[in-house]
Amino acid sequence: MSNTFGECFKITTFGESHGPAVGVVIDGCPPRLPLDVAEIQAELNRRRPGQSEFVSPRQEADQVEILSGLFDGHTLGTPIALMVRNADARSGDYANLENVYRPSHADYTTEAKYGIRDPFGGGRASARETLARVAAGAIARKLLDLVAGIEVVGWVDRVQNISAQVDPTTVTRSDVEAASSIRCPDKQAALAMEKLIASVRSQGDSVGGALCCVARNVEPGLGAPVFDKLEADLAKAMLSIPAVKGFEIGSGFAGTYLTGSQHNDEFVPPEAGDGRLSTLTNNSGGVQGGISNGEDILVTVAFKPTASIGLEQRTVNSDLEPVTTTIRGRHDPCVLPRAVPIVEAMMCLVLADHWLRQQTMKVVSGTPSSSFDSL
């Protein structure tokens, strides 16, 4: 179903933007994983609206409730249900849009598919659905940290034509969070981004850009050839996020300007006592032949400008008559600052799913694995 993602670590999200609640059911999380609700809440706080002048002013505490799957601070191995109640929906902001197809929104396509749609806040197409992914991603992150030592860090790399200079091999989450509310660790670039977003917002318009995310300490062997390639699942995960229009891994499109001799990642022997094979460069972005090679996994995700803007636009209504419309709701002039935890969550969900698949393969093949001993 289109609301479910993953195979071993599987999530199903539910709820609409202006409905009573939004939530997620997680199936396949191993038992005995220590989990505190505060760890989930911390990730939701990074995504929630109303954080700064550069994001949507909608005031939602996004307080998570754990309905099932935990006992005495540990997962049970049964489905984990998480829910966040909507508190500050203003459906009246959409009264003039109930029969209007907003430009670059999912209004027309949703109605074309189902013959019915929730016109308030975009329903399931709203980016509010992503809070469920972030909640689930917090659990996937905890699993990856405890059993595999995998670290995931995302940051805003570009807003329109303002680019940051960030070293993906060393940047930390504290660097990203401490730099600015834009979540760009390059302080000079962040200041320029802030000025741009403030200017665009004052005009009732919006702006897009690109976000980078790196996963470190990923063991070689995750993913599979042909249809279950690790980068293919990462691409699907990222492209499923609202407003995402592009995905790159490693060198991405820039690699098309190189020759094979320039682009190939040469292997080097392990250092004494290390035993870990490595490469001189990482143009592959940590994945070769659809399988992780042990290098950092680096992806870039492109976000379009927010479709909901305050300027008057031409469109048509459900009777196919030409009309002009202005969107009055509370929206982000740039989605990238709040998208950082969303992209991190999808990275964690994909890696947790493939890590569990790999453990299953080890069990079936008789390969010893003590990865679960820490749980």
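Start by selecting Asn-217, which sits in the loop between β11 (209-216) and α6 (230-239). Before you go further, keep in mind that what's on your screen is a predicted model.

**Stop one: the loop after β11**

Check the backbone torsions of Asn-217: phi is positive, about 65°, although the residue is not a glycine. Is Asn-217 buried or exposed? Its relative accessible area is 52%, and since the cut-off for exposed is over 50%, Asn-217 counts as exposed.

Stay in the loop between β11 and α6 and pick Val-226, which belongs there as well. Val-226 is another non-glycine residue with a positive phi, in this case near 65°. Switch on a surface and look at the side chain: Val-226 has 54% relative accessibility, so this valine is classed as exposed.

**Stop two: strand β7 and its partners**

Now select residues 80-85, which make up strand β7. Why can β7 be called largely enclosed by the rest of the structure? Five of its six residues are buried, and buried here means under 20% relative accessible area.

Add residues 21-27 to the selection to bring in strand β3. β3 and β7 run antiparallel to each other and are paired over six bridges. For a handy place to zoom in, label Gly-23 and Met-83: Met-83, in β7, is the bridge partner of Gly-23.

Next, bring in residues 64-68, strand β4. β4 also pairs with β7 in the antiparallel sense, over four bridges. Here the pair to label is Ser-68 and Ala-81, with Ala-81 on the β7 side standing opposite Ser-68.

**Stop three: the cavity**

How many cavities of 30 Å³ or more does a search of the whole structure find? The search turns up one. The largest cavity holds about 30 Å³ of space.

To see what surrounds it, show these residues as sticks: Glu-43, Val-134, Gly-137, Ala-138, Arg-141, Pro-341, Glu-344, Ala-345 and Cys-348, which together line the largest cavity. Then turn on the cartoon for helices α3 (130-148) and α8 (336-365), as each of them supplies at least two of the lining residues.

Finally, colour the lining by residue class. Five of the lining residues are nonpolar, one is polar and three are charged. Among the lining residues to click on are Glu-43, Arg-141 and Glu-344, and Asp, Glu, Lys and Arg are the types that count as charged.

How values were computed:
Residues numbered from 1 in each chain as written. Predicted model: local features only at pLDDT ≥ 70, side-chain atom pairs only at ≥ 80, totals over all residues. Heavy atoms only, no water. Buried < 20%, exposed > 50% of the residue type's maximum accessible area, 1.4 Å probe, protein only. Pairing = 2+ DSSP bridges. 1 Å grid on protein atoms, 1.4 Å probe; cavity = no way out; pocket = protein on both sides within 12 Å on 5 of 7 lines; lining within 4 Å. Points joined across faces, edges and corners; volume = space filled by probe spheres on them.
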